[in-house]
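Visitor: Please show me the model, and then take me through its sheets, its cysteines and its chain contact.

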Amino acid sequence: MTMKRTLAVLFTIAVFADNLSAQNSPTVIEIPAAVAATEAEMKPYGEIIEHTRVKIEMLPIPSGKYWMGSPTTEKQRRDDEGPQREVTLKPFWMGKTEITWNAYDVWMSDIDIQIRKVYGKKANERDLLAEPLTISKPTAPYTDMSFGMGTRSYPAICMTQHAARTFCQWLSVKTGRYYRLPTEAEWEYACRAGTTTAYSFGDDAKKLGEYAWYYNNAGEQYQKVGQKLPNPWGLYDMHGNVSEWVLDQYDKEGYAKLGKQLNNPLSVPTTLFPRTVRGGSWQDDAAQLRSAVRVASTEDWKEQDPQIPQSIWYHTDALHVGLRIVRPLKTPSAEELKNLWNKSEPIQYDKDNPKEFKE
Amino acid sequence: MSETKPSRRQFLRTTGTVAATAGVLSGVQAVHAAGEGTIRLAIVGCGGRGTGAISNALSVPNGDVQLVAMADVFEHRQKASYESLVRRFPKTVKVDKENMFLGFDGYKKAMDVLRPGDIVVLTTPPAFRWLHFTYAIEKGLNVFMEKPVTVDGPGSKRMFALGEKSKEKGLKVGVGLMCRHCDARGELFQRVRNGEIGDITMMRAYRMAGPTGYAAVPPKPEGISDLMYQIKNFHGFLWLSGGAVSDFLIHNIDECCWIKDAWPIEAKAAGGRHYRGDNIDQNFDNYSIEYTFEDGAKLLMNGRTMPGCHKEFASYAHGTKGSAVISQSGHAPSKARIFKGHVMTKENLVWDWGKAEPNPYQLEWNHLIHAIRNDEDYNEVQRGTMASLVTSMGRMAAHTGQTMTIEDMLECDHDFGDGLADLTLDGDSLLQPAENGTYAIPQPGLNPDYEY
């Protein structure tokens, strides 16, 4: 890692810790409903991306305990869905829907910066801090990454986990509130929303059409978010539409190596592939939409990228993979960010930046 | 359609130009025929696409291909390219240190490492294509060159002549218009020839995808020369790449012309620089080109690099009996389909490919190596140059505000590549900035004869 890169990373992390320890800091956008000191105070709120009209609806998810994975009796179960583990989780907010192109494209195409320039608005402190996380991040693609399936209110897709993580970092600095991808355990907990059945509405796949976009009803493409029925905690499209990135490395051995009682588990990635996405998609059949299903990322997801080294930002063939964000009630310390939540190996260097390129 | 100009029709037909009459066997191309020996590769221009092309070359089934020499003007690019390739292909990437060349004359040194019948991969910005191709022909090398192959009229004239010369020598030359190698589009082409959508009267193509590649170029930082900054951001500068039109729109234009089996004779176009901010490149951020074919049919090509707008990367054909998707999802898969009428719904679907589409970037290499191994005629220069010229015609129509014909293009005296052979790493560029660091940009109507 070059010195410059190291400093940039530490700087970003430090910015965070500073921001979030001082609620009145000018680098936090004031949203009264977003303020909570305890779990009891957590409310739904709409996060905003300054200079745009984009709003990201966040819902509180209570702390709790659940059985992660599926029982061996579940129909269509796969080996990597177990053995089941009892997992305890701290409270967090989660995006009511998948992140749409409306939000993702602001980061991807620097739309907030363009708007500022066009309307002659000055960059504020947050804008300046966020710039290193958005200019040339990601690099401009060569193709329409929505692949003609639509953008307004449709879920963003085709990003690598690194891109999804960087989006979260950028959003964090832009808002002053810490956002990240969910852990796999958080994702399944939120998907189940207190249920223990194959789907969050029961075991009957015939009802899927009311809750999810999948192969049978999506018309061979993703659909606008939030149109089907939500799960018991108010979250939309957890079972279908697009699969969603989580932070964890994928292990085909399932949860066997993990302890029987788990507190806020996270498997920090140490290899680029396979990492984990959760929730079925418009490409999948009913069985693949079950709450416990795990999907491993593969190098095939970059097959169409005709450049080598291939982009660290795009999975040109993952038209079924998007993301959903979470915000933990308690913002991690700079140390925890560095060693856990923001950590993944190998570090991704951009080939387009000679200072960053290193193999 | 007029039948009165056979020679011109011949010139403007897209097919038939590749499969020339039985070529002259010079002995050069026979070196690797019948599977004799390893084919050696040299790459000139080690960017992402060039490196990707080498990766495809080294992945040809039973190809027996090795990479032996590399040339670039950026050391970090060359290093990145080498390291990525050697990791993927430890057995077939065999580039000795002394065969890594840096500098504008590196192309000669890299080609000097090869023997006649080996392949040089020309993947620098397109400005250099004719210069490098000239030397490749001299050395009797087979060639793979990326698109576009020219960026202006004078360069196209040179390339047409070089193409003929390479054909006379029996060289196999592939051009990176990989959509031409797509199986699904190939079947669509046959079906359209069979009259399944009637006569094509109108085509539409779109490459509207937000900021793309290096089309928008921010002001030059300290510590890099104008020349090297321009090359690094070659999509931004017309002399190097033909800009966003030539680099991005050529695939859609080419696949439409293929399906139409003709090249347009005229273009008129609109475009402008709506959001340029402090960017210093020469591109517009939106282009709308109307091409006219000899039979009066139209091709409407829309290109846009503005963020936040409707996105579409697709080509469609409309005929007297029905319509077709030529491609609908970027380059691959094409999702080629035929419909009755012009409402492209499932109910109206007449034909689709119906199976997985192989990667066309790989197919174009499989085909080239096959032609070399079997000593079959294989020369895509003529059609690659026509595609490049037609694309430049649309761009020039937008940039000058004038209607442009093929003849106008070929007669144009603005040679973007004048002085190209004399560039040096620490020398001036062919395009020099004004004192404030900006460059001459197209001024439609006010500068009606030249693009800058």
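Guide: Buried means under 20% relative accessible area, exposed over 50%, and partly exposed in between, with a 1.4 Å probe and protein chains only. This is a predicted model, in which local features need pLDDT of at least 70 and side-chain atom pairs count only at pLDDT 80 or more, while totals for chains, interfaces and linings use all residues. Residues are numbered from 1 along each chain as its sequence is written, chains are lettered from A and ligands numbered from 1 in the order in which they are written, and side-chain values use heavy atoms, with hydrogens and water left out.

Visitor: Is Cys179(B) buried or exposed, and at what relative accessible area?
Guide: A disulfide is a pair of cysteine sulfur atoms within 2.5 Å, and the structure holds zero disulfides over all chains. Cys179(B) is in none, the nearest cysteine sulfur being that of Cys182(B), 7.0 Å away. As for its surroundings, Cys179(B) is buried, with a relative accessible area of 3%.

Visitor: Which strands of the six-stranded open sheet in chain B stand at the edges?
Guide: Helices (H or I, at least four residues) and strands (E, at least two) are DSSP runs numbered from the N terminus, and two strands pair if DSSP finds at least two bridges between them. The six strands of this open sheet follow the order β3-β2-β1-β4-β5-β6 in chain B, with parallel pairing. A single partner strand is available to each edge strand, so one side of each is left without a neighbour in the sheet, and these strands are β3 (100-102) and β6 (173-175) of chain B.

Visitor: Which residue in β5(B) stands opposite Ile119(B)?
Guide: Strand β4 (residues 119-122) and strand β5 (residues 142-145) of chain B run parallel and are joined by four bridges. Within this pairing, the residue opposite Ile119(B) is Asn142(B).

Visitor: In β9(B), what is the bridge partner of Ala270(B)?
Guide: Chain B also has an open sheet of nine strands with mixed pairing, in the order β14-β13-β12-β11-β7-β10-β9-β8-β15. Here β8 (residues 266-272) and β9 (residues 286-292) of chain B pair in the antiparallel sense over seven bridges. The bridge partner of Ala270(B) in β9(B) is Ser288(B).

Visitor: With which residue does Lys311(B) form a salt bridge?
Guide: The contact (heavy atoms within 4.5 Å) takes 28 residues from chain A and 39 residues from chain B. A salt bridge is a side-chain nitrogen of Lys or Arg within 4 Å of a carboxyl oxygen of Asp or Glu, and the count between chain A and chain B is one. With the closest N and O atoms 3.6 Å apart, the partner of Lys311(B) is Asp105(A).
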